[in-house]
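Thanks for coming. I will talk through one model this morning, strand by strand and loop by loop where there is something to say.

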Amino acid sequence: MTKLTLRLAGYLENLARALRRYGRDDGKVLVLGGVRSGKSRHAERLAARHPHVVYVAPGLPPSDDDPEWAARVAAHQARRPSNWKTVETTDLAGTLRKATEPLLIDCLGTWLSQVLDEVGAWEQRRGWEHRLDDRLEDFLAAWAAARVPVVAVSNEVGSGVVPATSSGRLFRDVLGALNNRVSADADRVQLVVAGRVLDL
């Protein structure tokens with residue numbers, strides 16, 4: 001390759017990156033951050049560029065048994081524009097495949113917690129690892145094939161202390177691996193720390 005060809009290839013790569021970053025269609029964006037980092041607010045701002053958005057809530061629905069969780073859900077609901085649709089489901093793969101409008105998924109951490117429960121991971125039910133692998137691979141295939149803009153929020157769990165329980169370590173390890181796979185097939189990845197956004 002000549003120097004001119006190398007320079008031209010570098011220019012085109014930078015142009016493609018800029019178009020993905022600032023273009024009208026953001027493709028697939030993964031927003032990572034710790035608890036109360038501002039990751040959800042940032043993801044909502046990214047999604048709000050589109051006139052119509054489907055907000056996908058894959059976590060536990062609010063209940064009177066957990067007022068703290070209910071308050072968190074209510075705060076998220078209050079911030080959403082009135083023209084956004086909300087879908088509560090753990091079938092992220094199916095939702096991605098059927099989507100015709102931009103999606104905001106908030107968040108992969110709460111989804112994974114639900115999936116681990118559904119496949120019997122917490123009780124170590126026989127075959128849970130295979131059921132978990134199937135669910136994750138199905139989601140990752142749908143993520144890779146997504147044809148609408150998608151903003152996915154996830155917890156960055158690799159920077160804290162090692163959890164004291166085996167279930168905590170399982171969750172951290174699986175979510176860390178999932179974030180890696182989602183990131184590898186994202187057009188943009190951003191980390192939110194104390195309200196500041198870093199492009200990765």
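**Group meeting: a walk through the model**

Let me begin in a loop: Gln-124 sits between α5 and α6. Helices here are DSSP runs of H or I with at least four residues, strands are runs of E with at least two, and both are numbered from the N terminus. Before going on, the ground rules. This is a predicted model, in which local features need pLDDT of at least 70 and side-chain atom pairs count only at pLDDT 80 or more, while totals for chains, interfaces and linings use all residues. Residues are numbered from 1 along each chain as its sequence is written, and side-chain values use heavy atoms, with hydrogens and water left out.

Back to Gln-124. Its phi is near 55 degrees, a positive value in a residue other than glycine. The residue is exposed, at 51% relative accessible area. By exposed I mean over 50%, by buried under 20%, and by partly exposed in between, with a 1.4 Å probe and protein chains only.

Ala-194 also has a positive phi without being glycine, near 50 degrees. Ala-194 is in the loop between β6 and β7, residues 196–199, and counts as exposed at 70% relative accessibility.

One more loop. The peptide bond joining Asp-106 and Cys-107 is cis, with omega about 5 degrees. Cys-107 lies in the loop that links β4 (103–106) to α5 (108–118).

Next, helix α6, residues 128–144. Its 17 residues, at 1.5 Å a residue, should span 24 Å, and the end C-alpha atoms are 24 Å apart, which agrees. The expected span is 1.5 Å times one less than the number of residues. Which residues of α6 are buried? They are Trp-128, Leu-132, Leu-136, Phe-139, Leu-140, Ala-142 and Trp-143. Seen down the axis, these buried residues fall within an arc of 165 degrees, so they line one face of the helix; the arc is taken from the directions between the helix axis and the C-beta atoms. His-130 and Asp-134, on the other side of α6, are exposed.

Now the strands. In β1, residues 28–33, 6 of 6 residues are buried. Lys-28, Leu-30 and Leu-32 point one way, and Val-29, Val-31 and Gly-33 the other way. That follows the general pattern: in a regular strand the side chains alternate between the two faces of the sheet.

What does β1 pair with in the parallel sense over 6 bridges? The partner is β5, residues 150–155, where Val-150 is the bridge partner of Lys-28. β1 also runs parallel to β6, residues 188–193, joined by 5 bridges, and Val-29 stands opposite Arg-188 there. Pairing requires at least two DSSP bridges between two strands.

Staying in β5, Val-151 belongs to that strand and is buried at 6% relative accessible area. The C-alpha atoms of Val-151 and Tyr-55 are 9.6 Å apart, with their positions 96 residues apart along the chain.

Val-151 also helps line the largest cavity, along with Asp-26, Leu-46, Ala-47, His-50, Pro-102, Leu-103, Pro-149 and Val-150. α2 (39–47) and β5 each supply at least two residues of that lining. The lining divides into 7 nonpolar, 1 polar and 1 charged, where nonpolar covers Ala, Val, Leu, Ile, Met, Phe, Trp, Tyr, Cys and Pro, charged covers Asp, Glu, Lys and Arg, and polar the others, Gly among them. A cavity is a set of points on a 1 Å grid over the protein atoms alone where a 1.4 Å probe fits but cannot get out, and lining residues have an atom within 4 Å of a point.

Technical notes
1 Å grid on protein atoms, 1.4 Å probe; cavity = no way out; pocket = protein on both sides within 12 Å on 5 of 7 lines; lining within 4 Å.
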